[in-house]
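Here are a few friendly notes to read alongside the model. Please keep the structure open as you go through the points.

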Amino acid sequence: MDQLAAMRALRRVVELGSFTAAGDALGLSHTVISRQISHLEAKLGAQLLNRTTRRFALTTAGTEYYAACQHILDALDDADRAVGQHQANPSGTLRINAPMAFGTEELAHWLPRFLERYPELQVDLVCNDRVVDLIEEGFDVALRLARDLPDSTLIAKRLASSQVMLVASPDYLRRHGTPSTPHDLLQHNCLTYSQLARPREWRFTAPGGDDVAVTVKGSLQANNGVALRTVALAGTGIATTASFIVHEDVRRGALVQVLPDYTIRPRELYVLYPHNRHLSPKVRVFVEFASALYQARGWD
């Protein structure tokens, strides 16, 4: 027996004054309504209704049980409405994890527009360059820059490609010369990004389509692209870093792109989130917003 269904049947019978009217309201026959209440009485071990051929009346036990049913069913209806409103209007705290450089140089620039669109949301943004377990550490969503993602139970949606550039300061190039081929990099101080599987192996695609790989050396490696940018600006060496970190420096001439005719495989930007049967509204709107943003304007 479905006790909640039987409680709803009892409530409708009392409110509408007949088994037939209750059945019409619930989309059931009066026979089913009568059977539900009989099963409920059997379960409770108490008679709830005194029935005659034409009328019925609540017993003393029935009066008390009917009042309890009203309270319980109203509370359930309120809970259903609250969940429905929450689904319609994203609210609460959205915990986001992002790489340090992406979080500070890219995400922080468009996150205010997202918050303006969804004023009932609060964001807890955590930026770091270590591998984070979203589920274990309680994150709702993560943004990742990678050439290849490891196998995971997470859902990964690709948002855009992040171009990778070689850059150096004009001062460094005046003092040490400008490379014209990847092999010229062997004579330079190369600043490497340690989060890659092979930080010192720089691979290029030549203008004719051939692959070229060189193993560089240098005085610094770092796990953060912003740090590499700062060191390159100081004239220390040639850095490989994401273009979104340095494009403004290149535009104003503080950094110069090295080997512009040779391309480096880009890193892909992904948004990751746990695989849940019912995607929470706050995660859904964030994924939709980020997807639409990069689809509309592209990326450096």
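1. A definition to start with: two strands count as paired if DSSP finds at least two bridges between them. With that in mind, look at the hairpin of E9 and E10, which has 5 residues between the strands. Within this hairpin, Gly209 takes a positive phi near 105°. Please remember throughout that this is a predicted model.

2. Staying with the hairpin, strand E9 covers residues 201-205 and is joined to E10 by 5 bridges, the two running antiparallel. If you want a landmark for the register, Trp202 stands opposite Val214 in E10.

3. Which residues of strand E10 lie on its covered face, and which on its uncovered one? In a regular strand the side chains alternate between the two faces of the sheet. In E10 (residues 211-215), Val212 and Val214 make up the covered face, while Asp211, Ala213 and Thr215 belong to the uncovered one. Val214, the residue opposite Trp202, is thus on the covered face.

4. Now for the overall picture. The protein chain holds 10 helices and 14 strands. Its radius of gyration is 32 Å, well over the 19 Å that the globule rule gives for 300 residues, so the chain is more spread out than a compact globule. The C-alpha trace spans about 105 × 35 × 30 Å along its principal axes.

5. Some totals to go with that shape. Of the 300 residues, 41% count as buried, and the chain exposes about 16100 Å², with carbon and sulfur atoms supplying 50% of that area. Among contacts between residues at least 6 apart in sequence, 74% join residues at least 24 apart. As for charge, the mean positions of the 32 positive and 32 negative charges are 2 Å apart.

6. Have a look at the open sheet of 5 strands, ordered E11-E8-E12-E7-E13 with mixed pairing. Strand E11 (221-222) and strand E13 (256-258) stand at the edges with a single partner strand each, so one side of each is left without a neighbour in the sheet. For E13, the pairing with strand E7 (residues 164-168) is antiparallel and consists of 3 bridges. Leu166 stands opposite Val258 in E13.

7. Leu259 deserves a check of its backbone: its phi is positive, about 50°, although it is not a glycine. Where does Leu259 sit? It is found in the loop between E13 and strand E14 (267-273). Is it buried or exposed? Buried means under 20% relative accessible area, and Leu259 has 5%, so it counts as buried.

8. Thr181 connects to the previous point, as it touches both Leu259 and Tyr262, leaving aside residues up to four places away in sequence. Thr181 is found in the loop between helix H7 (170-176) and strand E8 (190-193), and it is partly exposed, with a relative accessible area of 27%. Its C-alpha atom is separated by 85 Å from that of Ile33, 148 residues apart along the chain.

9. Finally, Ser291 is found in helix H10 (residues 281-297) and is buried, with a relative accessible area of 16%. What does Ser291 touch, not counting residues up to four places away in sequence? Its partners there are Lys157 and Leu159. The C-alpha atoms of Ser291 and Arg158 are separated by 8.3 Å, with their places 133 residues apart along the chain.

Terms used:
Residues numbered from 1 in each chain as written. Predicted model: local features only at pLDDT ≥ 70, side-chain atom pairs only at ≥ 80, totals over all residues. Heavy atoms only, no water. Helix = DSSP H or I, 4+ residues; strand = E, 2+ residues; numbered from the N terminus. Rg over C-alpha atoms; globule rule 2.2 N^0.38 Å. Buried < 20%, exposed > 50% of the residue type's maximum accessible area, 1.4 Å probe, protein only. Contact = heavy atoms within 4.5 Å. Areas by Shrake-Rupley, 256 points an atom, 1.4 Å probe, with all protein chains shown as cover. Lys, Arg positive; Asp, Glu negative; His and termini not counted. Charge placed at Lys NZ, Arg CZ, Asp CG, Glu CD.
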